[in-house]
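I sat down with this one to see what packs against what. Here are my notes, in the order I took them.

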Amino acid sequence: MICKKYQSAVLDLLLDPAAPSNAAVRAHIDSCEECSREFKSMEATFALLDVWQAPEPSPYFDQKLAVRLREEQALAPAGWFERLKSRLQFNTGRQFRPAMAGALALILLVGGGTVADFTIPSHPNTEASATVQDLQILDKNDQALQTMDQLQDDSQPDDAAAPPSS
Amino acid sequence: MDDMATLAINPRLLENLQAAETHHAAGDFGQMDDAAIMMELRTGNMAGFDFLIQKYRKPIIHFMYRMVRNQAVAEELAQEVFLRIYRSRETYRAEARFSTWLYRIATNLGVNYARDTKHERSASTIYLDEADSETGTTPDVADSTPGAESNLLRQERLNAIRQHVLDLPERQRMAVLMHKYEGMDYKQIGDVLKLSESATKSLLFRAYQTLREKLKGFI
């Protein structure tokens, strides 16, 4: 098993053993017996794969392609749907990125707003705690008592100003 | 000589070449970027397209051959790749390397073909008296001539390589074909397969590890 740290560098080393960037992994493989064995085995597999050679193109390839191209040139130009299909299928899609980003932002806004509407009530009914309610009652009582005291105070001068009955 | 043969086959090529001279001298294409040549094709310069075909036909045929393992089918699919390039000349945008786009089309065609013919391939029959459509050779049978055994061994090894590469998961198979046989770098393979560079590296490492395990009997 190749040490995990050097796994990705092994392929680089196989492809270009003399590259200066591969010096560290080369040094490690030379010092680590397990990695050295794994690397040699990988190297042998890599060399074995070279056995599979593809045959040379047939001499008729150009001729057949030229005929098909001439037929293609004689055909009517592709419709907009076909052009759009090929663009979507084979292009990198980079030109659609701004539109995609805009659409995603819109989805987030609409989706986020809808979720917020469901989870946060539009008119929150805040309920006061028992202590606050008690204090409010006491406050109201106090106000009522003060009002009554004031009424009593107001009535006293009138009595004093009244002429004696006898 | 090859050029003369091409002209004999396709006399209209001369007209295209004459048209191309108004844009570029024929030798100029060697110095031009592939994407720039594609832009020339958009303006109707077929000589540039012929240059691209000559440049990429062999790698694409080889790539297709390793995917479908039949030369006739590989060449037909390679022609289809170039036809699709021609059809898409109007929509081509030079935002990625031309070869990335080319291999993406080739990959799609190869994968679709492999999926469509999966059952046919698994039920294929070997006829001992007929030449193999993939290699053009007849199957090896018991033979007393010297070297027959080593030939058999070589054939067995080749079959094992082809079979185990073919048995890899689709993306790993494509990555190995592009990396090992087409000499493409991680970034380019990642662009074709729509993967990051590090994901491509890890995909390739897994693929080679699998191949090493499967082929250790032949090393």
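I began with B:Met64, which touches B:Ala74, B:Leu77, B:Ala78, B:Ala106 and B:Gly110, leaving aside residues up to four places away in sequence; touching means C-beta atoms, placed from the backbone, within 7 Å.

A note on conventions: this is a predicted model, where local features need pLDDT of at least 70 and side-chain atom pairs pLDDT 80 or more, while totals for chains, interfaces and linings use all residues. Residues count from 1 along each chain as its sequence is written, and chains are lettered from A and ligands numbered from 1 in the order written.

Next I looked up H5(B), a helix of 17 residues (helices are DSSP runs of H or I, at least four residues, numbered from the N terminus). Its buried residues include B:Ala74, B:Leu77 and B:Ala78; buried means 20 or more other C-beta atoms within 10 Å of the residue's own. They pack against H4 and H6 of chain B together with helix H4 (61-74) of chain A.Those 17 residues of H5(B) reach 24 Å from first C-alpha to last, close to the 24 Å expected at 1.5 Å a residue, the expected span being 1.5 Å times one less than the number of residues.

Which residues touch the most other members of the largest nonpolar core? I found B:Ile60, B:Met64, B:Val81, B:Leu102 and B:Ala106, out of 55 residues. Such a core is a set of buried Ala, Val, Leu, Ile, Met, Phe, Trp, Tyr and Cys residues joined through C-beta atoms within 7 Å. Helix H4 (residues 46-68) of chain B gives the most, 14 residues.

Last, I checked the chain contacts: 42 residues of chain B meet 34 of chain A. H11(B) supplies the largest share of chain B's side, eight residues.

Technical notes: Buried ≥ 20, exposed ≤ 12 C-beta atoms within 10 Å, placed from the backbone. Helix = DSSP H or I, 4+ residues; strand = E, 2+ residues; numbered from the N terminus. Contact = placed C-beta atoms within 7 Å.
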